[in-house]
Amino acid sequence: MLILLPPSEGKARPEKGGPVDLDELAFAAELGEKRAELIAAFDPILREAPAAPAYEVYTGVLFKRLELAELPAAARKRVLVASALWGVVRPDDRIPYYKFPPKTRLEGIGAPNAFWRPALAAALPDRDGELVVDMRSGAYAAAWKPKRATLLAVRAFTEADGERKAVSHMAKAVRGDVARALLEAKKAPSDPECAAAIAEAAGFEVELAGGSLDVIV
């Protein structure tokens, strides 16, 4: 199982520590040149700013509920965080504070999704029988989708009087809670049915709908 997360708008600014080392980030061989090109066009000073593990830098609701720092290192390795600036990073990758919305367009770079799409397609794992649990927002999901692995999006809904409505204000918290349940499971889920069973055992009301795991809150 691989869990894909969006980055958070809320970020902590590391006050000390060495700068980012592009050669130490996830998929450095495949994504390193693209990262260097993008940072050079956006803000070269980021190469010198103090860096900290991504799980400390990202401080939004999803990450607060997920509490990556409390999970074993082996569980964190099952997580990738999408980023318009880095492509993807692992929770333990050291990155600086930054602000780079996914709709940012830079001269010579263009739209981040289009910029990253070929490199991510070549770099990210995509195997038959693999489960990819997608918690990204649409702005990041467009950069990469597997062609062979099973993609399972996690959505949150409310239900009243037989009418179901998607929720936005609680979706990040729900995704963080579901991600934690999946990562804490004794055996990682290998298919949508297993993921749904784990979420249900954790106390969630869930329903599989096509390629989605719908959580009713």
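Colleague: Is Glu159 buried or exposed, or something in between?

Modeller: In between: Glu159 is partly exposed in this predicted model, with a relative accessible area of 40%. Partly exposed covers the range from 20% to 50%.

Colleague: And which side chain does Glu159 meet in a salt bridge?

Modeller: Start with the general idea. Side chains of opposite charge can pair when their charged atoms come close. Here, Glu159 pairs with Arg164, at 2.8 Å from N to O. Arg164 is partly exposed too, at 30% relative accessibility.

Colleague: Where does Glu207 come in?

Modeller: Arg164 also forms a salt bridge with Glu207, at 3.3 Å from N to O. That pair links distant parts of the chain: Arg164 sits in strand S8 (residues 163-166) and Glu207 in strand S9 (residues 205-209), 43 residues apart. Glu207 has 35% relative accessibility, so it counts as partly exposed.

Colleague: Which residues are joined into one network by salt bridges that share partners?

Modeller: Glu67, Arg180 and Glu184 are joined that way.

Colleague: What about Asp134 and Arg136, buried or exposed?

Modeller: The cut-off for buried is under 20% relative accessible area. Asp134 comes out at 6%, so it is buried. Arg136 has 8%, so that residue is buried as well. The two form a salt bridge, and their closest N and O atoms are 2.8 Å apart.

Colleague: How many salt bridges turn up if you search the whole structure?

Modeller: Nine. The ones we've gone through include Asp134 with Arg136, Glu159 with Arg164 and Arg164 with Glu207.

Key:
Residues numbered from 1 in each chain as written. Predicted model: local features only at pLDDT ≥ 70, side-chain atom pairs only at ≥ 80, totals over all residues. Heavy atoms only, no water. Salt bridge = Lys/Arg side-chain N within 4 Å of Asp/Glu carboxyl O. Buried < 20%, exposed > 50% of the residue type's maximum accessible area, 1.4 Å probe, protein only. Helix = DSSP H or I, 4+ residues; strand = E, 2+ residues; numbered from the N terminus.
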